[in-house]
Amino acid sequence: MPGQLNLVPGTRVYWGYRPRGGHGREIPVAAVVVSVGCSTVLIECSQRILGKSKRVRRRVKQNRLSLRKARCFQLGEL
């Protein structure tokens, strides 16, 4: 399919997160691919909870992802 990304575990991506009630707004969230399924991709991203960063896993559709080159300190990339 055109526009498909070649995703493998460890690939750095941005996840286009759309919050509820965000009126179409999209927030780019740095993430790393954990596994790739038929219709969804399991990613690991950082979430701030009570002022501390916590790593969480989310299952998202592949069309919500784009490649990134920058490193992310919260994900342990030095």
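1. A residue is called exposed when its relative accessible area is over 50%, and buried when that area is under 20%. Leu 50 has a relative accessible area of 85%, and therefore counts as exposed. This residue sits in the loop that joins strand 3 to strand 4. Its phi angle is near 55°, a positive value in a residue that is not glycine. The model under review is predicted, and the remarks on Leu 50 should be read as remarks on that model.

2. Overall architecture. The chain contains five strands and zero helices. Read from the N terminus, the order of elements is β-β-β-β-β. The C-alpha atoms occupy a box of roughly 40 × 35 × 20 Å along the principal axes. The radius of gyration is 13 Å, which agrees with the value near 12 Å for a compact globule of 78 residues.

3. Burial, surface and contacts. Of the 78 residues in the chain, 29% are classed as buried. The accessible surface amounts to about 5800 Å², and carbon and sulfur atoms account for 53% of it. When contacts between residues at least 6 apart in sequence are considered, 40% of them link residues at least 24 apart.

4. The nonpolar core. Twelve residues make up the largest nonpolar core: Leu 7, Val 13, Trp 15, Val 29, Ala 31, Val 33, Val 41, Ile 43, Cys 45, Val 56, Val 60 and Leu 65. At least two residues of this core come from each of strand 1 (12–17), strand 2 (27–36), strand 3 (40–49) and strand 4 (52–61).

5. Val 60, a core member in strand 4. Val 60 belongs to strand 4 and is one of the residues of the largest nonpolar core. Its relative accessibility is 6%, so Val 60 counts as buried. Leaving out residues up to four places away in sequence, Val 60 touches Trp 15, Thr 40, Val 41, Ile 43 and Leu 65. By contrast with these contacts, the C-alpha atoms of Val 60 and Gly 24, 36 residues apart along the chain, are separated by 17 Å.

6. Ala 31, a second core member. Ala 31 is also listed in the largest nonpolar core. Residues up to four places away in sequence aside, Ala 31 touches Thr 11, Arg 12, Val 13, Ile 43, Glu 44, Cys 45, Arg 68 and Leu 75. Two of these partners, Thr 11 and Arg 68, are taken up separately below.

7. Arg 68, a buried arginine. Arg 68 is placed in the segment that follows strand 5 (65–67). With 7% relative accessibility, this residue counts as buried, because the limit for that class is under 20%. A polar atom of the Arg 68 side chain lies 3.0 Å from the backbone oxygen of Val 13. The side chain also reaches the backbone oxygen of Ala 70, at 2.4 Å. With residues up to four places away in sequence not counted, Arg 68 touches Arg 12, Val 13, Tyr 14, Ala 30, Ala 31, Val 32, Leu 75 and Glu 77.

8. Thr 11, ahead of strand 1. Thr 11 is found in the segment before strand 1. Its relative accessible area is 14%, so Thr 11 is buried. A polar atom of its side chain lies 2.7 Å from the backbone oxygen of Val 8. Apart from neighbours within four places in sequence, Thr 11 is in contact with Ala 31, Val 32, Val 33 and Leu 67.

9. Cys 72, after strand 5. Cys 72 lies in the segment after strand 5 and, at 11% relative accessibility, counts as buried. Its contacts, neighbours within four places in sequence set aside, are with Ala 30 and Glu 77. Glu 77 is likewise among the residues that Arg 68 touches. The C-alpha atoms of Cys 72 and Val 34 are separated by 16 Å, and these residues stand 38 apart along the chain.

10. The aromatic pair. A search of the whole structure yields one aromatic pair. The ring centres of Trp 15 and Tyr 17 are 5.2 Å apart and the planes meet at 55°, so the pair is tilted. Trp 15 is buried, with a relative accessible area of 13%, whereas Tyr 17 is partly exposed, with a relative accessible area of 34%. Trp 15 is also one of the residues of the largest nonpolar core.

Key. Residues numbered from 1 in each chain as written. Predicted model: local features only at pLDDT ≥ 70, side-chain atom pairs only at ≥ 80, totals over all residues. Heavy atoms only, no water. Helix = DSSP H or I, 4+ residues; strand = E, 2+ residues; numbered from the N terminus. Rg over C-alpha atoms; globule rule 2.2 N^0.38 Å. Buried < 20%, exposed > 50% of the residue type's maximum accessible area, 1.4 Å probe, protein only. Contact = heavy atoms within 4.5 Å. Areas by Shrake-Rupley, 256 points an atom, 1.4 Å probe, with all protein chains shown as cover. Core = buried A, V, L, I, M, F, W, Y, C linked by side-chain atoms within 4.5 Å. Polar contact = N/O pair within 3.5 Å; in protein donor to acceptor, adjacent residues only side chain to side chain. Phe/Tyr/Trp six-rings, centres within 6.5 Å; stacked < 30°, edge-to-face > 60°.
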